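Colleague: Hi, do you have a minute to walk me through this one? I'd like to begin with the surface.

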Amino acid sequence: MHASSPVSLWHGVALWHGAGNTFALHDGLGGEPAPNPAAVCTETGVDGFVALTPPRTPGAAASLAFFNPDGAPADACGNGLRCAAACLDPHGTRGTITFDTPAGLRTATALAGRGGVVQVRVSMGKPRFRPPPDDPLAFAEFLPNQASTGDSGRPGLGTFGPPIRVDLGNPHAVFLVDEAPGDALVGALGPALQSHPLFAAGGGVNVGFAFVHRPDAITLRVFERGVGETASCGSGACAAVAAAIAVRRCVRQVIVAAPGGELTVDWPAGGEMFLTGPAAPLPLG
Ligand SMILES: N[C@@H](CCC[C@H](N)C(=O)O)C(=O)O
C-alpha cells in the first residue's frame, strides 16, 4: 500500500474493516493489476473487494471500484470507501480527500481517534427514493396478511410495512420494523427479497431491517446483495436513515447500531448524506 499504515497484507491486498464490515483493498495506484476479486474474497473470507486505481479526476486521490464476494461490481460501498480513505490517510493528516467512484465523486476526511483507530467521514451522495415494486401481488407473497392486519402473519417476524426503496448509488430496500430485528426476520425475508425477480433488473437488492428506537437512534441489520448478512453496511445505514427521515421518524443526525459497531449518518436538508465511523486494519490470522 502507498499508505505507511500497519496494514495486514495478504497476497498484495490489505485487509481492513469498517465497523466489522470487512474488505480486501488492492493498491493499483502504480498500475499493478488487481487480482480476481471473487478469489480473494473466498480466500480471505471478507465481505468485499475494493480496487484502487489512478484517479480520473484531477486532484482526486484514487478511483475506487467495489466488488461483492460473488465477483459482481457494486456502484457504492460506504464502509469500503471509508476503509480506502483510512488506508491512504491512516493518521488523519491529509484533510479532505476526494475519490472517483462509480456513483460519482465522493469526499473523505479521516480523523485520528483513540487507540490508533481512525474515524472517517465520507460523503454518500443524495439518496434517491424509488417507487414500490410495480407488481404488488408478486411482492405480497413475502408479506402475508399485510393488507388486512398489518402483521407479518409469521410467528417471530413482528409487524412491518412494505419496504422503502432507496438508492445510494446501489439499491436498498428498507423495512422499518417495530422491534430489534431478530434472526427469524432477517433469515426469512433477507435471502428471499434480495434475490426476488422484482429486483432482478437491478442485479438484486440490499435488504435492511431498521428499528427506530429513538428519533436519533436506529438498530439495523442488513442482508447484502452478493454477500448475505454482514456485520455492518455503510450504504445500508444511509438508506435506513433516509427512509426513516422520509416518514418523519428520525432527525437529521442518527446513530446506527449494527452487530459490528456504530456508525453516524447525517443528512443536511437538501444536501448529500454523510457517513462517519471507525476504520481499522484487520488483524491477520
Ligand atoms: N457493505 C457495503 C455495501 C457493499 C455493496 C453491496 N453489497 C451491493 O451489492 O450494493 C457498504 O458499506 O455500503
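Modeller: Happy to! Accessible areas here come from the Shrake-Rupley method with a 1.4 Å probe. This is a predicted model, and the protein exposes about 11700 Å².

Colleague: What share of that do carbon and sulfur atoms supply?

Modeller: Carbon and sulfur atoms supply 56% of the exposed area. As for the interior, 51% of the 285 residues are buried.

Colleague: And how many helices and strands are there?

Modeller: The protein has six helices and 18 strands.

Colleague: Let's switch to Asp100. Where is Asp100 found?

Modeller: Asp100 sits in strand S7, which covers residues 96-101. Asp100 is buried, yet it has no salt bridge.

Colleague: Which side chain of opposite charge is nearest to Asp100, then?

Modeller: That is Arg56, 4.2 Å away. A salt bridge needs a side-chain nitrogen of Lys or Arg within 4 Å of a carboxyl oxygen of Asp or Glu, so this pair does not count.

Colleague: What polar contact does the Asp100 side chain make?

Modeller: The Asp100 side chain makes one with the side chain of Thr57, at 2.5 Å. Asp100 also touches other residues, including Pro55, Ala60 and Leu105.

Colleague: Tell me about Pro55. Is Pro55 buried or exposed?

Modeller: Pro55 counts as partly exposed because its relative accessibility is 33%. Pro55 lies in the loop between strand S4 (48-53) and strand S5 (62-67). Among the residues Pro55 touches are Ala61 and Ser63.

Colleague: How far apart are Pro55 and Arg121 in space?

Modeller: They are 20 Å apart, C-alpha to C-alpha, and 66 residues apart in sequence.

Key: Residues are numbered from 1 along each chain as its sequence is written. This is a predicted model: local features need pLDDT of at least 70, side-chain atom pairs count only at pLDDT 80 or more; totals for chains, interfaces and linings use all residues. Side-chain values use heavy atoms; hydrogens and water are left out. Helices (H or I, at least four residues) and strands (E, at least two) are DSSP runs, numbered from the N terminus. Buried means under 20% relative accessible area, exposed over 50%, partly exposed in between (1.4 Å probe, protein chains only). Lys and Arg count as positive and Asp and Glu as negative; His and the chain ends are not counted. A polar contact is a pair of N or O atoms within 3.5 Å; within protein, one must be able to donate a hydrogen and the other to accept it, and residues adjacent in sequence count only if both atoms are side-chain atoms. Contact means heavy atoms within 4.5 Å. Lists of a residue's contacts leave out its neighbours within four places in sequence.
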